[in-house]
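Open the model in a viewer and set it to show side chains as sticks. The stops below are meant to be selected in the order given.

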Amino acid sequence: MVGLRLRWGPGFARLGKKMMRDVHLAPETDEDDLYSGYNDYNATFDTEDLENDAAFQQALRTSHGRRPPVTAKIPGTSASRPLATGFGSKTMLSSMGRPMTGAIQDGVARPMTAVHAAGYTRGAMRGSAFDPLGQGRGPAPPLEMKNEDSPEEKMKQLEKKVNELVEESCVANSCGDLKLALEKAKEAGRKERVLVRQREQIAAAENINLDLTYSVLFNLASQYAANEMYAEALNTYQVIVKNKMFSNGGRLKVNMGNIYLKQRNYSKAIKFYRMALDQIPGVHVEMRIKIMHNIGVAFIKTGQYADAINSFGHIMGTSPNLKAGFNLILCYFAVGDRDQMKRAFQMLIAVPLEIDYEDKYISPNDDPHTNLLIEAIKKDSLREMEHERKTMAEKYIMTAAKLIAPAIETSFAVGYDWCVEVVKASHYVELANDLEINKAIMYLRQKDFNQAVETLKMFEKKDSRVKSAAATNLSFLCYLENELTEASNYADLAVNSDRYNPSALTNKGNTVFASGDYEKAAEFYKEALRNDSSCTEALYNLGLTYKKLNRIDEALDCFLKLHAILRNSAQVLYQIASIYEIMEDPNQAIEWLMQLISVVPTDSHVLSKLGELYDNEGDKSQAFQYYFESYRYFPSNIEVIEWLGAYYIDTQFCEKAIQYFERAALIQPTQVKWQLMVASCYRRSGNYQKALDTYKEIHRKFPENVECLRFLVRLCTDMGLKEVQEYVTKLKRVEKLKEMREQRVKSGRDGSARGRREGSAGGDTGSTKGERLSVKLRSLSGANEPYESSSNKEIDASYVDPLGPQAERPKTAIRKKTEEDDFADEELGEDLLPE
């Protein structure tokens, strides 16, 4: 193969000399210097001055350095053209006489395997090392600017805005702002319709973004459903489902079924669930299981338990889960199938939880790194999820056992025993003891205390946790039965078994509180709160203890803390109001009682307490309102009846007071004072005949009542009746008998005279106790003791009205007639006449 010889031009010679000079002038490097040579510069690659190098530019403009186009020798010609090298005048033939590519030889053209070399075209040489300035093509054209006013660009921006609105709607929904989410979804729908119309106008319907349309409609329907606008949500879902261009739109019939289920339209819900189930492939097992579960729930709502059993049975046979197993037990319980209930319970027990148990949280050695890792994973989100799943499984199992235990056997005790045996054979062994305790609680609900105690006593030899729980319940039972010694013993057993059991400590504090040792009881309550700050029973009892110890501020703090936990607890609200009343702050007490009324508006005791506070403050109208409300809800409270009667007497409405005193007479028929008050009301209202009849009825029931006879004598005298002498005779006899009794008591000398005197005084007080007026009635004007007997031998028919003296009638005519006549005779001056 002939070699290609090059000839150096003057420009290349100069460049070569410069390169050699630079090489010889380069300093020697130090082999020991690690960083030597990094700053050296090779002048060979210095192309900055080539533009000013005249010889180099002349070489580029002339034929030096160029290779002329190669021509092939075509058969039939007399001679071949010389192949110019561009660097001399020597002629060279092609290699070994091979015809050039594309040449015709013997009438056949040689195959053209490559028209152009790989990237080495004539135009590609421009701007290269041989044309560093790119003078053959000129400068590159500027970048084409994006036309923002073009229709396509406007549609892209609008599509971007629609996507942003959909995202904002989803974020607002996740934050709980459902109204804003719906507004964003509607705005996205409006802009998406504008986008579709614009694409249709430019005849680009085939470029419509179906995914964007689907997402906008689906989000809008979801937001309608979240805002409980079910009709609009169903219409939007219907638009998606009916559009055949959405391949997966049929799955949204599940959402439509959920809406119908919320609307309690169970038949349509089942219909749409089944339609969705038909459109979901069999490979999507989990989704099909969820839809079948919804169908089973809808069947339960309609009472079609047989169909529900089929759905849940299929789920338990294909992919068992806790909810389906529990619902299957409910269905069998509804139809009363004992054998199937047992079978379903066993299937529920066998459902795999797919969680690792506590073994992985136990350190196999004392490696600090391993211990830190275990402590870290004990509180991570996966651990919490496992704990929630296990708690849910235990809840389902316990609820199912309590439900079916009384139904699967002849008695609930035998049923509980069967459930306990099944649980013991599973990996829920720790639930067996809880079932036994629930068995004892069931005995308590049936008021079979002996069986409950016997069941709980079986746990005395169990492990500490179960023993503590059983002893706590036993202490509670004994405390209710007022067996404080046994209650204290069992409370001690519970505390010794588990010192951190807040219920046991609370029960122990209760027993100490009942014995009167409030300081020690407070210590037990405090310890229970240290172990469990959410133990509301201990906190409430601690507040009562401080109240007993007259530590009012600390008691108030306890009840205020408890109010922060139990916002609507009536007992807590009442205790706070009571403490403010003790602190002599009636305004605060009234305010808390008003909150209590909003929780229990029909509590008569609270209403009467409010009336009492307003009465003490002098607000009679508000006091009357609350006392009247209390009487309306509980018309047997003597204190309320007495206050209302006294209120009407004080306001000179004796007729209205009669009904309250009559009610009091019905409640306490042996107390003569209420009947005397009724008769006095009749007399004060002017109905003397009714008053006389009432006094006669009282005398018939209480023939030795002195005050009644005095009223009868007075009324008969005023009315001029003949029965006056009869009642006078009876009054004399009763007065004489009373005087003889008093003398007999005084003359009694046998035994202890002082004791007899005290006993007789006590007996006399007891005989007249019912005849004494209350403090409220005695506070009325003139309502002094009306039952004082006269020591004179003459008959004293005078009496004092228990209702007090009647109010004087207002005098309307003050001036005398003569004065009026004189005034009439006077002449009126012009200044007195009307204008």
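Select glutamate 409 and lysine 342 in this predicted model: their side chains form a salt bridge, with N and O 2.8 Å apart. Color the surroundings by element to see what the pair connects. Glutamate 409 sits in the loop between helix 14 (381-408) and helix 15 (412-424), while lysine 342 belongs to helix 12 (residues 338-349), so the contact ties together parts that are 67 residues apart in sequence. Is lysine 342 buried or exposed? Its relative accessible area is 19%, and because buried means under 20%, lysine 342 counts as buried.

Next, select aspartate 492 and lysine 508. These two also form a salt bridge, and their closest N and O atoms are 2.8 Å apart. The pair links distant parts of the chain, 16 residues apart: aspartate 492 is in helix 19 (residues 484-497) and lysine 508 is in helix 20 (residues 502-514). Show the surface and look at each partner in turn. Aspartate 492 is partly exposed at 28% relative accessible area, whereas lysine 508 is buried at 10%.

From there, select Glu519, Arg551 and Glu554. Salt bridges with shared partners join these three residues into one network.

Now go back toward the N terminus and select glutamate 168 with lysine 184. Their side chains meet in a salt bridge with an N to O distance of 3.1 Å. Glutamate 168 lies in helix 3 (residues 151-174) and lysine 184 in helix 4 (residues 178-201); the pair links distant parts of the chain, 16 residues apart. Glutamate 168 has a relative accessible area of 34% and is partly exposed. Lysine 184, at 23%, is partly exposed as well.

How many salt bridges does the structure hold? The count is 18, and the pairs visited above are among them. As background, side chains of opposite charge can pair when their charged atoms come close.

For the last stop, leave the charged pairs and select Phe476, Tyr479 and Leu480 with the surface switched on. Together they make a nonpolar surface patch of about 300 Å². Center the view on tyrosine 479, which is in helix 18 (residues 464-480). Tyrosine 479 is partly exposed, its relative accessible area being 32%. That value qualifies tyrosine 479 for the patch, because patches take residues with over 30% relative accessible area and no salt bridge.

Technical notes
Residues are numbered from 1 along each chain as its sequence is written. This is a predicted model: local features need pLDDT of at least 70, side-chain atom pairs count only at pLDDT 80 or more; totals for chains, interfaces and linings use all residues. Side-chain values use heavy atoms; hydrogens and water are left out. A salt bridge is a side-chain nitrogen of Lys or Arg within 4 Å of a carboxyl oxygen of Asp or Glu. Helices (H or I, at least four residues) and strands (E, at least two) are DSSP runs, numbered from the N terminus. Buried means under 20% relative accessible area, exposed over 50%, partly exposed in between (1.4 Å probe, protein chains only). Patches are made of residues with over 30% relative accessible area and no salt bridge: like charges are joined within 9 Å, nonpolar side chains (Val, Leu, Ile, Met, Phe, Trp, Tyr) within 5 Å. Accessible areas come from the Shrake-Rupley method with a 1.4 Å probe; for residues, only the protein chains shown count as cover.
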